[in-house]
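Work through the exercises below with the model open beside you. Try each task before reading its solution.

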Amino acid sequence: EKQIGTQMEQRKGRRLVLFPLPLQGHINPMLQLAGILHSKGFSITIIHTNFNSPNPSHYPNFTFHSIPDGLSETEASASDLVLLLKLLNAKCVDPFSDCLVKLLSDASEDLISCLISDAIFYFTRAVADTLKLPRIVLRTGGVSSFVVFAAFPLLRDRGYLPIQDSQLEKRVEELPPLKVKDLPVVNTDDPEAFYEIVAGLVNETKASSGVIWNSYEDLEQSALVTLRQEFPIPIFPIGSFHKYSSASSSSSLLTQDQSSISWLDNQAPKSVIYASFGSIAALNEAEFLEIAWGLANSKQPFLWVVRPGLVRGSEWLEPLPSGFLETLNGRGHIIKWAPQQDVLAHPALGAFWTHNGWNSTLESICEGVPMICMPCFGDQKVNSKYVSHVWKVGLQLESGVKREAIEKTIRRLMVEKEGEEIRDRISELKEKANLCLQQGGTSRESLDSLVTHISKLES
Ligand code: UDP
């Protein structure tokens, strides 16, 4: 006890500067990490872009500095993710480094131990090097998909990438159990820029003083073994971040509709399908309608997040036939944004129909909710393959977004024996995640070594 007290005392006056990528799936884990490290005695400064700024008033214990990101309105709202990431990595260089120089030279502030940057902000490596500030990165995706990103040069050499339609079913021998169709792709006008971003992510992670993962040892053991062989830097799988504390909703960019919870309160245990495809994925109108009819025809109650902008070319629910919800007699509830972690923890939840963003995947595992997988882009396809074929805690929606296939998959998961086995397996994974987080568990130990590692870094 006394020793721990003294260690905390030594860390007082030690400041960490955190720099989240301004996307929902990156802001959430970075601010959760900030909370975890604050509870270990560090002072926290967050540098963030004006674009998608978190709300400082939700975090009275942290200091916030906003930097101009230089994005025009069209750039900020463009649907080309690759373009956005490329622009952010170019336009933030000067404002970020100016801000950091100011912080470092402010004598009234605590000493800065290190920068913790989102790994996709790869430009921060050069800035930190110039300022002689140690840099640790947070990778907000899974380890298994990172191993795939790290293999991109090899996958290109061997002709797996760029993906050719005639090869989709071909096995990627070097990365079992992936097939070519599971490799990360992103819809973009500039495919070469996608490869540049992946190279930046991988190379500048390798050049960091350590990498923090929102994942846990027992879940991604074999990917962690590969990673440790290829990346001779300290690796800290301290996840799942959101389970360290219960304050989960403070970093939400959209208002979370609490009517979801009161609606769930009136549903039978394990009966509800929760459908949500995250903050970025978009659908065309035909897909949207197939989903609506698939849910309606499944006869199960459903809670569906239709984010404004989810359907390309529509504001919100206009493509739905009029009276669609009314005919379901309360069996369906549609909202714009959910308090997702509370929804997943609700006893009425039976399944999560997800796009397999890493946060959603991990949140589902931690609550023991089996998944229906409909990956859209990037690492989601790899996550989905691991969910359905490695951990076997979900089913992939096969043969496109078609109402019959949806109905069938929901039935397989919610009604048939196959679903029961899947449910048992995800309960086991949930247990393992809990054990990792307990005293002496691998996530806790990893967090302790992270804290020791940071305390030894000298700027
Ligand atoms: N989320 C939420 N409400 C919703 C849908 C999502 O709070 O209605 C949160 C979810 O809990 C997760 C994040 O938004 O933490 C989405 O991250 P993920 O990596 O799953 O997907 P992305 O949005 O990056 O595609």
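**Exercise 1: Strand 4 and its partners**

Strand 1 (residues 14–19) and strand 4 pair in the parallel sense, with six bridges between them. The model is a predicted one.

Task: Find which residue stands opposite Arg14 in strand 4. Then find how many bridges pair strand 4 with strand 5, and state the handedness of the β-α-β unit made by strand 4, helix 6 and strand 5.

Solution.
- Step 1. Start at Arg14. Opposite this residue, in strand 4, stands Leu111.
- Step 2. Turn to strand 5 (residues 135–139). Four bridges pair strand 4 with strand 5, again in the parallel sense.
- Step 3. Pick Leu115. Its bridge partner in strand 5 is Arg135.
- Step 4. Add helix 6 (residues 124–130). Strand 4, helix 6 and strand 5 form a right-handed β-α-β unit.

**Exercise 2: Burial**

Task: Decide how many residues of strand 4 are buried, and how many of helix 7. Use this cut-off: a residue is buried if 20 or more other C-beta atoms lie within 10 Å of its own.

Solution.
- Step 1. Take strand 4 (residues 111–118). Seven of its eight residues are buried, so strand 4 is largely enclosed by the rest of the structure.
- Step 2. Take helix 7 (residues 143–150). Eight of the eight residues are buried, so helix 7 too is largely enclosed by the rest of the structure.
- Step 3. Check names. The buried residues of helix 7 include Phe146, Val147, Val148 and Phe149.

**Exercise 3: An open sheet**

Task: An open sheet has six strands; give their order. Which strands stand at the edges?

Solution.
- Step 1. The order is 10-9-8-11-12-13, and the pairing is parallel.
- Step 2. Strand 10 (332–335) and strand 13 (394–396) are the edges. Each has a single partner strand, so one side of each lacks a neighbour in the sheet.
- Step 3. On average, neighbouring strands of this sheet are turned by 15° against each other, direction ignored.
- Step 4. Helix 15 (residues 380–390) packs on the sheet and touches strand 12 (371–373) and strand 13. The direction of helix 15 makes about 120° with that of strand 13.
- Step 5. Inside the sheet, strand 8 (residues 272–276) and strand 9 (residues 302–305) run parallel, joined by three bridges. Ile273 stands opposite Phe302 in strand 9.

**Exercise 4: Two helices**

Task: At what angle do helix 16 and helix 17 pack? Which residues make the contact?

Solution.
- Step 1. Helix 16 (residues 403–414) and helix 17 (residues 417–437) pack at about 60°, with axes 5 Å apart.
- Step 2. The two helices are therefore oblique to each other.
- Step 3. Helix 16 brings Arg412, Leu413 and Met414; helix 17 brings Glu418, Gly419 and Ile422.
- Step 4. Sort these contact residues: three are nonpolar, one is polar and two are charged.

Methods:
Residues numbered from 1 in each chain as written. Predicted model: local features only at pLDDT ≥ 70, side-chain atom pairs only at ≥ 80, totals over all residues. Axes fitted to C-alpha atoms, helices over the stretch in contact; angles between N-to-C directions. Parallel < 35°, antiparallel > 145°, perpendicular 65-115°, else oblique. Contact = placed C-beta atoms within 7 Å. Nonpolar A, V, L, I, M, F, W, Y, C, P; charged D, E, K, R; others polar. Pairing = 2+ DSSP bridges. Buried ≥ 20, exposed ≤ 12 C-beta atoms within 10 Å, placed from the backbone. Right-handed = clockwise from strand over helix to strand, strands pointing away.
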